[in-house]
Each structure stands twice: as structure tokens, then as C-alpha cells.
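Biologist: Before we look, may I ask you to explain the terms as we go, setting each value against its cut-off?
Modeller: Gladly, and here is the model.

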Amino acid sequence: MSINYTIHDSYSGAVINCTSEQNVLSAISLDGRCNVLVGCRGGGCGKCRIDVLDGQFECGKMSRRHAPEEAINKGKVLACRLYPRSDLIINTAPDIGK
Amino acid sequence: MKKGIMRPGHVQIRVLDIDEALEHYCGLLGLIEMDRDDQGRVYLKAWTEVDKYSVILTLADDPGMDFMGFKVTDETSLEKLHRDLLDHGVNVDVIPENELVDCGRRLRFISPSGHTFELYVDKKYTGKWGIEELNPEAWPRGLRGMRVQRFDHCLLYGDELDTTLDLFVNVLGFYLTEQVLDDDNSRIAQFLSLSNKAHDIAFIAHPEKGRFHHASFHLETWEDILRAADLISMTNTAIDIGPTRHGLTHGKTIYFFDPSGNRNEVFCGGDYSYPDHPPITWKSDQLGKAIFYHDREINERFLTVLT
């Protein structure tokens, strides 16, 4: 069952709805206020890397080059493979190593 | 083909999930699964190809291209190429026969751009898929998706374009069909052919070595390109750009991504070339038009999204 969550981008201040079945990139790229690049949408190119500052999430398969295990543990993940499991606070600032 | 290298033969692509990749490459593009091996690799072919396979999918935690292989006409040429590569200062690994299923001995080397290439003579001949050898019908029924005709070429991103060009032209026998020059007349893109095709391999300058931009598959007509775009929408596949036309090669094209983020192209038409044709040159101030002839704008995703 799909659950509705909110994604709060600390960089832009945007608050965006995202369901548990939806990848965060598809939600925040539609909004336009977040500073996120849309690349391959397959976890391969690393363009949509963001910081998750707070909240629970799950990730699909991502390129280890762009999302190594230690980075994932710090919340540095690819938005195209990020699925919320609670409300999230994210940071889409351009200086987080995209 | 002056050194005996005939044509592109295969590309091994790393994917994050084999089942998703197969739904993409077989269900959407229309490649046909031909075999699997004990490493879990899956061997695919397009229907007009005469050898057993041209695309090998392998499971990995980082997508991209492992290697691209070219078919050589005969063993004597392969042995000469081996000596010429060594004389040129290129390290060559000999991969024994059947390391890839039903493929002969392969010579493997790395270009200055950081990409791995292979040369081989033998691969199992299975003939075009779904049609008879004698009195063949126009096409087979039962193809899926876009019904791509063949694996055509790769575009690779890396550095050291000049030394890579030297290797491909002077050692391997390719010729330069088309190029993009910047304001200082440095080459930032080079398209190379063994044949009448506008390109069998292409390189674009990029500071990192060994990056994969796309593998391209041939379709017959513009109508097929439109139909491919419809299928991309029907399957909610990530699209890059198109349908449109390139300035470079003038081919009609659409770009999209596999489920692991590797870019694919399907294209039709475009220019032909012969070795006596001078290279077609584009200047970098017209790069937008060179890449996407209609938009005439540089698309950042096209230039920077790589695996």
C-alpha cells in the first residue's frame, strides 16, 4: 500500500509530497525548486546525488562508484533510487559532491 | 579494414540487475537471448547479425562498458595485429577461446583513452535469426519491441584523443570520418570507421578515462525511430533526447537509458564514407548543432551523463 510522505529540502525550503512507491527524484524534479540534476534515472550516473539529513528510507540498486556503502550510511544517495519510509529532510545544495 | 579488422563484433555491458536488463534489451530493444554462461553472463543478438551474439550482459555493482570487440578477417591478420600492437608499445592480453561462449581466442588491450578493446577471428555462426539462408524472407515474425537490426557502434568518453586516434588509424586500420575541433583546432570528438559506415567507434574528449557514453543499435527507417519512441513512453523508460537528427553523421536518432543507467541509442540513416573522403569537420562553436541538429543547443545531460 502506498503511503504519503513529505520531503523537506533544507537547501531550497521546498516541501514536496512523495509516496512510498515513488522515487524521490521523480517528486522533487517535478517541483523545480530543488537543485537536483536529472541524469540516467537508473542509479548509474551519479548526477542526482543528494544528502538525506533525517528520516527513514530504502534504496534500490545504485552504482558503487557514485554511492559506496559508507556514503549510503551517511545519507549520501542517488535520488532516483531513494524511496521514503518516513518524512525526509534532504539537502540538494550544489556543493555536496555531485 | 586495411589491417584486417572487419567490423564491431560485441560489447560487454555491466548492469545492476540482470532480469531488469533483459526486459530492457530483449523486451524493449528486441534483442534475442542466445546463451548464458557459468559467470551468469547473458548473450544476446540482433536478428540481422550472422554470429551467435553481439551484446553480453554481466552483473556488476557499477554499470558501464567492460569491453568492445572487433572481428578480424583471418588468423594471419590477427597475428600481425598482435605484433603491431606490441611494437606500438601496447600491452596485449590473450584471452583463451571459449572464455566467452563460442568465441575464439581474443587479443585484449587498453586504448590511451582508457577503454578495453578486443580483436578476434572466430565466433559461432548461427545465421540471421528467424529467416532461412536460402531465399530469405524480408524479416522474421516474432520479434519484440523496437526490433533492432544490429549492434552498430559505441561512443566512448576519455582523454588522450590524439594518441587514441594514432592507435586506431595507424595500428588498427580505421580511418577518420568526422571530427569536432575547438578554437585551437584541438580535436574534441573523433568518429572512426572500418567500412562505409559513418562510424564504427567514436570518442569524445573527457578528463576521466574509460567512460561509456552509449551503445548504438541500427533501425531501418525514421518510422521505426518514432515507433521506438512510442515504446519508450509505453514502458516508462528513461529518455535522454529525441527523436531528432544529429549534425555529426546526420543520422536520425533517439537516446534513452537502460535500467542501470547505461545510455542506448537507436538510429537510422545518415552519411556514408569511403577512405578517400576527407574527414567532415565541425567547429566547437557549432557543437550544439553538431550534436542535435534541430535543437542547436548543447544538452548538458548528453555531455556529462556517463557510466
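Biologist: Which residues form one aromatic cluster in chain B?
Modeller: In this predicted model, one aromatic cluster is made by Phe70(B), Phe109(B), Phe117(B), Phe168(B), Phe174(B) and Phe203(B). Over all chains, the structure holds 13 aromatic pairs.

Biologist: What makes Tyr255(B) and Phe302(B) an aromatic pair, and why is the pair called edge-to-face?
Modeller: Their ring centres are 5.1 Å apart and their planes meet at 65°; rings pair if their centres lie within 6.5 Å, and planes over 60 degrees apart count as edge-to-face, so both conditions are met.

Biologist: Which parts of chain B does this pair tie together?
Modeller: Tyr255(B) belongs to strand 15 (residues 252–257) and Phe302(B) to helix 6 (residues 300–304), so the pair ties together parts of chain B that are 47 residues apart in sequence. Both Tyr255(B) and Phe302(B) are buried.

Biologist: How do you know that Phe292(B) and Phe302(B) are edge-to-face as well?
Modeller: The centres of these two rings are 5.0 Å apart and their planes stand at 80°, so the pair is edge-to-face, because the angle has to be over 60 degrees for that name. Phe292(B) lies in the loop between helix 5 (287–291) and helix 6 of chain B, while Phe302(B) is in helix 6, so this pair ties together parts that are 10 residues apart in sequence.

Biologist: Why are Phe292(B) and Phe302(B) called buried?
Modeller: The word buried is used under 20% relative accessible area; Phe292(B) has 1% and Phe302(B) has 3%, so each of them counts as buried.

Biologist: Why is strand 10 of chain B said to be largely enclosed by the rest of the structure?
Modeller: Strand 10 covers residues 175–181, and 7 of its 7 residues are buried, so the strand is largely enclosed.

Biologist: What makes strand 10 and strand 11 of chain B a pair?
Modeller: Two strands pair if at least two bridges are found between them, and strand 10 and strand 11 (residues 187–193) have 6 bridges, in the antiparallel sense. Leu176(B) stands opposite Leu192(B) of strand 11. The two strands form a hairpin with 5 residues between them, and Asn185(B) in the turn has a positive phi of about 65°.

Biologist: How many bridges join strand 10 to strand 17 of chain B, and in which sense do the strands run?
Modeller: Strand 10 and strand 17 (residues 280–283) run parallel and are joined by 4 bridges, which meets the requirement of at least two. Within this pairing, Gln179(B) has Thr281(B) of strand 17 as its bridge partner.

Biologist: How do you know that Asp258(B) has no salt bridge?
Modeller: A salt bridge needs a side-chain nitrogen of Lys or Arg within 4 Å of a carboxyl oxygen, and the nearest side chain of opposite charge to the buried Asp258(B), that of Arg81(A), is 7.2 Å away. Asp258(B) is found in the loop between strand 15 and strand 16 (263–268) of chain B. A polar atom of its side chain lies 2.8 Å from the backbone nitrogen of Ser260(B), and that distance is within the 3.5 Å allowed for a polar contact.

Biologist: What makes the peptide bond from Gly242(B) to Pro243(B) cis?
Modeller: Its omega is near 0°, and Pro243(B) has its place in strand 14 (residues 239–245) of chain B. Most peptide bonds are trans.

Biologist: Why is Asn135(B) called exposed, while His250(B) is called partly exposed?
Modeller: Exposed means over 50% relative accessible area, and partly exposed lies between that and 20%; Asn135(B), at 70%, therefore counts as exposed, whereas His250(B), at 26%, counts as partly exposed. Asn135(B) has a positive phi, near 50°, and His250(B) has a positive phi, near 60°. Most residues other than glycine have a negative phi. Asn135(B) is found in the loop between strand 8 (116–120) and strand 9 (150–158) of chain B, and His250(B) in the loop between strand 14 and strand 15 of chain B.

Biologist: What makes the approach of Lys76(A) and Asp51(A) a polar contact?
Modeller: Their side chains are joined at 3.1 Å, and a polar contact must be within 3.5 Å. Lys76(A) is in strand 5 (residues 76–78) of chain A.

Definitions and conventions:
Residues are numbered from 1 along each chain as its sequence is written. Chains are lettered from A and ligands numbered from 1 in the order in which they are written. Side-chain values use heavy atoms; hydrogens and water are left out. Rings of Phe, Tyr and Trp (its six-membered ring) pair if their centres lie within 6.5 Å; planes under 30 degrees apart count as stacked, over 60 as edge-to-face and the rest as tilted. Buried means under 20% relative accessible area, exposed over 50%, partly exposed in between (1.4 Å probe, protein chains only). Lys and Arg count as positive and Asp and Glu as negative; His and the chain ends are not counted. A polar contact is a pair of N or O atoms within 3.5 Å; within protein, one must be able to donate a hydrogen and the other to accept it, and residues adjacent in sequence count only if both atoms are side-chain atoms.
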